[in-house]
Amino acid sequence: MCIFTLKTTNTFNKWGMTNAMAAAEILCDLICGKDNPYASVFSPSRSILRPQLLLNAFETSVGLITPTVPRCPHLGCALKYNPAEHTWDCPCHGSRFTEDGELIDNPATDDRKPIK
Ligand code: FES
């Protein structure tokens, strides 16, 4: 008896090339019956309940109630300053801005408003 199993992978967003290559390796190993150390990271049944999730929820809550933090023009998340690249980065969906507020990377479509 032949059992056909369809294996798919999708939705890589900004990490498309990297995640697509990792997924291809994992799928290849699954099809060949080999173990892959990263398979659990990409498993659709993995648990998202991790300590980092609580930390992210806390930081987001603090950012939402802190009025002086610069906001992302996309959906209003509090931006974090990235001292290594001298940019303001949005932890929610990945928009990035120069120190002067000029948009570097989407999904935001507008520059960041200056802090008053
Ligand atoms: S809220 Fe900043 S990119 Fe979406």
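Is His86 buried or exposed? In this predicted model, His86 is exposed, because only 9 other C-beta atoms lie within 10 Å, and a residue counts as exposed at 12 or fewer. The position of His86 is the loop between strand 1 and strand 2. His86 is not a glycine, yet its phi is positive, at about 55 degrees. The setting of this residue is described below, beginning with the chain as a whole.

The protein chain contains 3 helices and 4 strands. Along the sequence these elements follow the pattern α-α-α-β-β-β-β, with the helices preceding the strands. The chain is divided into two parts, domain 1 covering residues 13-42 and domain 2 covering residues 51-105. Between the C-alpha centres of domain 1 and domain 2 the distance is 30 Å.

The overall dimensions were considered next. The C-alpha trace of the protein chain spans about 70 × 25 × 25 Å along its principal axes. The radius of gyration of the protein chain is 19 Å, whereas a compact globule of 116 residues would have a value near 13 Å. Of the 116 residues, 9% count as buried. When contacts between residues at least 6 apart in sequence are considered, 15% of them join residues at least 24 apart.

The helical part of the chain begins with helix 1, which comprises residues 16-32. Helix 1 has 17 residues and reaches 24 Å from its first C-alpha to its last, close to the 24 Å expected at 1.5 Å a residue. The residue that follows helix 1 is Gly33, which has a positive phi near 80 degrees. Helix 2 covers residues 39-42, and the loop between helix 2 and helix 3 holds Ser47. Ser47 is exposed, since 8 other C-beta atoms lie within 10 Å and the limit for an exposed residue is 12. Ser47 and Lys7 are 40 residues apart along the chain, and their C-alpha atoms are separated by 20 Å.

Helix 3 comprises residues 51-65. The 15 residues of helix 3 reach 22 Å from the first C-alpha to the last, close to the 21 Å expected at 1.5 Å a residue. Helix 3 is hardly covered, as the count of buried residues among its 15 residues is 0. Ile65 is found in helix 3 and is exposed, with 9 other C-beta atoms within 10 Å. A separation of 16 Å is found between the C-alpha atoms of Ile65 and Cys92, which are 27 residues apart along the chain.

The strands form an open sheet of 4 strands in the order 1-2-3-4, with antiparallel pairing. Its edge strands are strand 1 (80-82) and strand 4 (103-105), each of which pairs on one side only. From one strand to the next, the twist averages 35 degrees. In general, the strands of a sheet pair through backbone hydrogen bonds, either parallel or antiparallel. Strand 1 and strand 2 (residues 87-89) run antiparallel and are joined by 3 bridges. One bridge partner was identified by residue: Lys80 is matched with Asp89 in strand 2. The loop between strand 1 and strand 2 is the one that holds His86.

A contrast to the exposed positions is provided by Cys90, located in the loop between strand 2 and strand 3 (96-98). Cys90 is buried, because 24 other C-beta atoms lie within 10 Å and 20 or more suffice for that class. Leaving aside residues up to four places away in sequence, Cys90 touches Cys72, His74, Cys77, Leu79 and Ser95. Cys90 and Arg71 are 19 residues apart in sequence, and the distance between them in space is 8.4 Å, C-alpha to C-alpha.

Beyond the sheet, the segment after strand 4 includes Pro107. The peptide bond from Asn106 to Pro107 is cis, with omega near 25 degrees.

Technical notes. Residues numbered from 1 in each chain as written. Predicted model: local features only at pLDDT ≥ 70, side-chain atom pairs only at ≥ 80, totals over all residues. Pairing = 2+ DSSP bridges. Helix = DSSP H or I, 4+ residues; strand = E, 2+ residues; numbered from the N terminus. Axes fitted to C-alpha atoms, helices over the stretch in contact; angles between N-to-C directions. Expected span 1.5 Å × (residues − 1). Domains from an automatic or database assignment. Rg over C-alpha atoms; globule rule 2.2 N^0.38 Å. Contact = placed C-beta atoms within 7 Å.
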